[in-house]
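Biologist: Please take a close look at one part of this model, the disulfide. Walk me through the bond and its surroundings.

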Amino acid sequence: MTDRLRMAMQDLAEQVEIVDLAARALRTSRRRRMRRIVTASAAAATALVLISGVAYAVGGKRTTQPAPRPADTASVSRSPSAAPTEPGPAPSSPDTATGSTKPGSPSASPRGDTAIPASAMLQGSDIGPNYRSRPIEGDDHGILAMIFSYCGATFPQPGSTELASRSTFISRDAQHAVLQRTARYRPGEAGQAVQHVRTMLTGQCAVISNGGNPGDQSRFLIEAVDIAGNSALLIREDRSNDAGTTRSYRIVIEQYDMFTEIRTTGGMEEFDVYGMARSASQRMCEATPTLC
Amino acid sequence: MNPSAGSLVGDDEFVAFVRARTPALLRSATLLTGDQHLAEDLVQAALARTHGSWRRLHASGNAEAYTRRVMYNLQVSWWRRRRVAEVLPGTEPRPAPSHLRIGMETDAIALRLTLREALLRLTRRQRAVLVLRFYEDRTEPETAEILGVTVGTVKSQTAKALARLRAVAPELAELHGTKGVVG
């Protein structure tokens, strides 16, 4: 009775494409271990602070000693030179990137600053010869927030809070360009943003009409996952309009509390995009407390 | 042997294990998820957990059993997290239009598509039970142990899953001109 179900399931299972998951599994395992260490360290630090606070409170009630000596207070105060510094735009490209921090944003990174340094963004040398940072021109640049609006969705996902953002535009000529937008989110939301992109581009936003024009359609396909950072997607975009069909790639990467989206134009090859993803995650990594 | 050298040797053994067992794990994961990428993610996550306990699992010879158990249980928890996304308009599995089915070259292709879509309409636990019982040929007690449920639950979930398959994909019984594919 169920023999044919068994055979049908075997037939269906045989259709899977076998891939080598060894490197991916090792990377995920190391990431998990690092998260455990970070979590355990944070818990230990919290416990230490609580214990110290309780001990101090108890000690204060038991004795009538005056306030701690100046030397004691000085050991826990933050000197001006030790305070986290707000990195500014890269000196070499003062007008090629824009960055902003939302006023009153809660601190997301353990260092206490939410701003995204210019060094966390791709540089021309990460992409190829003759690529240079240039002023950002135009309006929406085809970023995900705009793309998703064409299919009735939103980006970032509802309920998330963007704490800071920075954009950069790097091009070789009028046709070959890379646009990157990086944002910092509350803990956990950067990973949810990657999942949100995956859900939308495999669902209601798999095919969109650019600007609502049915004659200008983009079709999205997720080519690879986890190619960089804590999680990532390599997205292929085939855009068809009167001029024909062009293929380009997008990357989204989660690295700790940061999310970046990279859009390429000008026939960049998939192989080059992998390298760019690695460079982008490495630069993001250096702006977060994670090990890379 | 210094610790780092020991770790590298352990990784070599782990990599050999992964390469040997990935095909089988991916096939089961594909039936569980209905999607190549989700299947890869599921197996990758299960293998990562296995790596975390590799020394103990390798020594006891339980690595594959552990990986499978993690995979099935992760699938259940992932389903819970992704349930909302999986019913978004456009992603809900539907039977292939009849004109497409008529045009297909072979019944086998049609059967594959229909079965995949029908499996996606089961609950995550029903799907896991069917894959374990009829794809992996596990006994009811083995299935119960892997899923962490009772044998009675396996029996009832199996019956419900088969009934659901009949309901959502009656064409499964007709593809080869006879009844009984899932009946």
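Modeller: The torsion about the S-S bond of Cys151(A) and Cys205(A) is about 85 degrees, so the disulfide is right-handed. Its sulfur atoms, from Cys151(A) and Cys205(A), lie 1.9 Å apart. A disulfide here is a pair of cysteine sulfur atoms within 2.5 Å. By this rule, the count over all chains is one.

This is a predicted model: local features need pLDDT of at least 70, side-chain atom pairs count only at pLDDT 80 or more, and totals for chains, interfaces and linings use all residues. Residues are numbered from 1 along each chain as its sequence is written, chains are lettered from A and ligands numbered from 1 in the order in which they are written, and side-chain values use heavy atoms, with hydrogens and water left out.

Now the two ends. The pair links distant parts of the chain, 54 residues apart. Cys151(A) sits in the loop between helix H5 (144-149) and strand E3 (162-171) of chain A. Cys205(A) sits in the loop between helix H6 (189-201) and strand E5 (207-209) of chain A. Helices (H or I, at least four residues) and strands (E, at least two) are DSSP runs, numbered from the N terminus.

Next, burial. Cys151(A) has a relative accessible area of 15%, so Cys151(A) is buried. Cys205(A) has 0% relative accessibility and therefore counts as buried. Buried means under 20% relative accessible area, exposed over 50%, and partly exposed in between (1.4 Å probe, protein chains only).
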